[in-house]
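Me: I would like to go through this structure step by step. May I ask short questions as we look at it?
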Amino acid sequence: MEHKLHGIMAEFDTPTQLVDAARRARDEGYVKTDAFSPFPLHEIDEALGIKRSILPYLIFAGGITGLVSGLGLTYFVHVIDWPIIVGGRPAFSLPAFIPPMFELTILFAAFVAVFGMLFLNGLPAPYHPVFNVPRFALATREKFFLIIESADPKYDYAETRRFMESLDAQEVFDVED
Amino acid sequence: MQDDKELQQKLHPAMVEGDHSFATVTDKISDLTLKKKTPFHWFFGFAIAFMVMQVLLITIVWLVTKGVGVFGTNQPVGWAFPIINFVWWIGIGHAGTLISAILLLLNQKWRTSINRFAEAMTLFAVACAGLYPVFHTGRPWLAYWLFPYPNTMSIWPQFRSPLIWDVFAVSTYATVSLLFWYIGLIPDLATLRDRAKNKYFKFVYAIFSWGWRGSARHWHRYELTYLILAGLSTPLVLSVHSTVSFDFSVSQIPGWHATFFPPYFVAGAIYAGFAMVLILAIPLRHLYNMSDFITKTHLILMGKVMLATGLIVGYSYIAEIFFGWYGGSQYEWFMIKNRIWEGPYWMFYWCLIFCNVLSIQFLWFKRFRESEFWLFIFSIIVSIGMWLERFVIIVTSLQRDFLPSSWAMYSPTIFDWSMFVGTLGMFFTLLFLFVRFVPVISIFEVRTLLPEANVHGHQQDFEENVNEVEYTYDRTDPPNE
């Protein structure tokens, strides 16, 4: 059986080199690419062609769900299930229900924000092929990495490796799957 | 050239001092948890805090055994130390959220090196605060009755009550603060995972970092989440102390029934919180040699925030007196007189004015703002003052209300005090554990503050063509024409 690689990875010293390399990989026509950096780099989104995430819409939906749940809860409790008149206020006393509704809006939106982000990122992922490169441990410290995956339609081992070596990289690695 | 440099430093003070690179920043902060031998002062401080925490446990055991009668709280002062301390702790927490969320939205770079421990402070302060209402219910094992759940008694909480709003506000606040703090930690825990030599530590950090690998796609969503969480936390933090103030202002008691309570309480909360952040930051930067990241600039800025919020609080005290007089209610005016000069607790009021209004006027002067010693002293004075503020608002309003026949004096018992001191022990115990096991400063965010974090490219060419001067586009400093 043929031994399959996950991809080819290049290591860089500076964020500028990484962004330039990512831009060149994109110009070259590679699409199954990813970059790794020890902190968020705004320029890389454009360089790799990362589309804006749908996450904000999900969070908005989460917030609306929280708001409706808050209204539903207070309405059900005080109007349908157990109406008690307090201080002559109507059973459906909306202003008094606003604080719980507001808090549930925030709570639901925050949950969607955090767990939605982790879910869309495919985390938790205790194993990933990129961890097979020993130098990759520096991605959370000071180094910058670019990978072209073997799943890329334009991927060809010799060709891609040559391309990676033509970049301004410190070192180029084969990433075992 | 020298003048230019000085001017530049004045306009955009460096948030990271010393000669640092990504690697040294990472190593310096992560070594605190990974490499360095636990210093003696850590064991010393932790031991004291842990012993003081035992006072809390003893108090709770006694309280649960005997009932809430062990507290001095009794009619007419049916709300005393437990709620004073609850409000004090919750207020302290607010500075953490302000630093992590509001200053992020306002693009204040200086928040970056203090947000991690300020958020931890928030969490621990909220944990301390939460103990009071739970144990003051008298039957803490039934505290879950506060939450709406279908039950065989077919009873629901009363959603028109500020006390239930408080349950929702504080529990949401605690949850969202925890999420925000934890999300901020994930990339740093991944750093610890990759740097840990000890197998077990590596395993634990690997579990808690969820397999974070710093992918650009992940960072993209991560930043969106972080920003949106900041946007959600901002109204949340304002709502929490507003809701806390509703506990008072929705009632009819003179001295509580005032519409300006929400902003008054929120300002006081931020004031007390910044005082606590300074109390923690000043020893931290010395004991752990972190003065490269928590610079003088940070302390000065925090001193300024303290001064500003302190002035709002001072204004509120004046407004309170004015409303008492202008409102034309004899009960309100009586309460003001009782609070300030006629009643038995007048001295507390003047101590409070000294601590919260007079003492901080020194912060107008550069000499005091730039002195760590004085900032530390003022922070302690302000913390005491904010505690006195809650004491004055709560006790002097309740002890003489409408009916003279129900007037009475309030004094705390030893258990009131031991519970308060005990929560201080718990707070510091948690903080010591935090400092030992978690990076106290957000490593990945400090990396972004370094000049080498900037991507040089198209912007630079553009600027060069336009200005014909050597200029590098710098993300940390906005370009100044």
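**Two chains, from domains to loops**

Reply: In this predicted model, the C-alpha centres of domain 1 and domain 2 of chain A lie 44 Å apart.

Me: Which residues belong to each domain of chain A?

Reply: Domain 1 covers 5–52 + 127–176, and domain 2 covers 55–120.

Me: And how many residues of chain A are in contact with chain B?

Reply: There are 57 residues of chain A in contact with 54 residues of chain B. On the chain A side, helices H1 (15–28), H2 (43–48), H3 (55–81) and H4 (94–120), together with strand E2 (33–36), each supply at least two residues. H4(A) gives the most, with 15 residues.

Me: What classes of residue make up that side of chain A?

Reply: The side of chain A that touches chain B has 39 nonpolar, ten polar and eight charged residues.

Me: Let us turn to chain B. How many helices and strands does it have?

Reply: Chain B has 17 helices and zero strands. Its radius of gyration is 24 Å, close to the 23 Å that the globule rule gives for 481 residues, so chain B is as compact as a globular protein of that length. Along its principal axes, the C-alpha trace of chain B spans about 80 × 50 × 45 Å.

Me: What share of chain B counts as buried?

Reply: Of its 481 residues, 45% count as buried. As for contacts in chain B between residues at least 6 apart in sequence, 79% join residues at least 24 apart.

Me: Where does the largest nonpolar core lie with respect to the domains of chain A?

Reply: That core has 179 residues, and those with the most contacts inside it include A:Met9, A:Phe145, B:Tyr271 and B:Val277. Helix H9 (residues 261–287) of chain B provides the largest share of the core, 17 residues. Both domain 1 (5–52 + 127–176) and domain 2 (55–120) of chain A give residues to this core, so it lies between them.

Me: Which residues does A:Met9 touch?

Reply: Leaving aside residues up to four places away in sequence, A:Met9 touches A:Val130, A:Val133, A:Phe145, A:Leu146, A:Ile147, A:Phe173 and A:Val175.

Me: Back to H1(A): which of its residues are buried?

Reply: They are A:Pro15, A:Leu18, A:Val19, A:Asp20, A:Ala21, A:Ala22 and A:Ala25. The elements that cover them include strand E1 (5–12), E2, H2 and strand E3 (144–149) of chain A.

Me: What span should H1(A) have?

Reply: At 1.5 Å a residue, its 14 residues should span 20 Å, and the end C-alpha atoms are 20 Å apart, which agrees. H1(A) is followed by A:Gly29, whose phi is positive, near 105°.

Me: New topic: where are the cis peptide bonds at A:Pro124 and B:Pro76?

Reply: A cis peptide bond joins A:Leu123 and A:Pro124, with omega about 0°; A:Pro124 is in the loop between H4 and E3 of chain A. The bond from B:Gln75 to B:Pro76 is also cis, with omega near 0°, and B:Pro76 is in the loop between helix H3 (40–66) and helix H4 (81–105) of chain B.

Me: Finally, is B:Ser154 buried or exposed?

Reply: B:Ser154 counts as exposed, because it has 8 C-beta neighbours inside 10 Å. Its phi is near 40°, a positive value in a residue other than glycine. B:Trp210 also has a positive phi, of about 60°, although it is not a glycine. B:Trp210 is partly exposed, with 18 other C-beta atoms within 10 Å.

Note on methods. Residues numbered from 1 in each chain as written. Chains lettered and ligands numbered in written order. Predicted model: local features only at pLDDT ≥ 70, side-chain atom pairs only at ≥ 80, totals over all residues. Domains from an automatic or database assignment. Contact = placed C-beta atoms within 7 Å. Helix = DSSP H or I, 4+ residues; strand = E, 2+ residues; numbered from the N terminus. Nonpolar A, V, L, I, M, F, W, Y, C, P; charged D, E, K, R; others polar. Rg over C-alpha atoms; globule rule 2.2 N^0.38 Å. Buried ≥ 20, exposed ≤ 12 C-beta atoms within 10 Å, placed from the backbone. Core = buried A, V, L, I, M, F, W, Y, C linked by C-beta atoms within 7 Å. Expected span 1.5 Å × (residues − 1).
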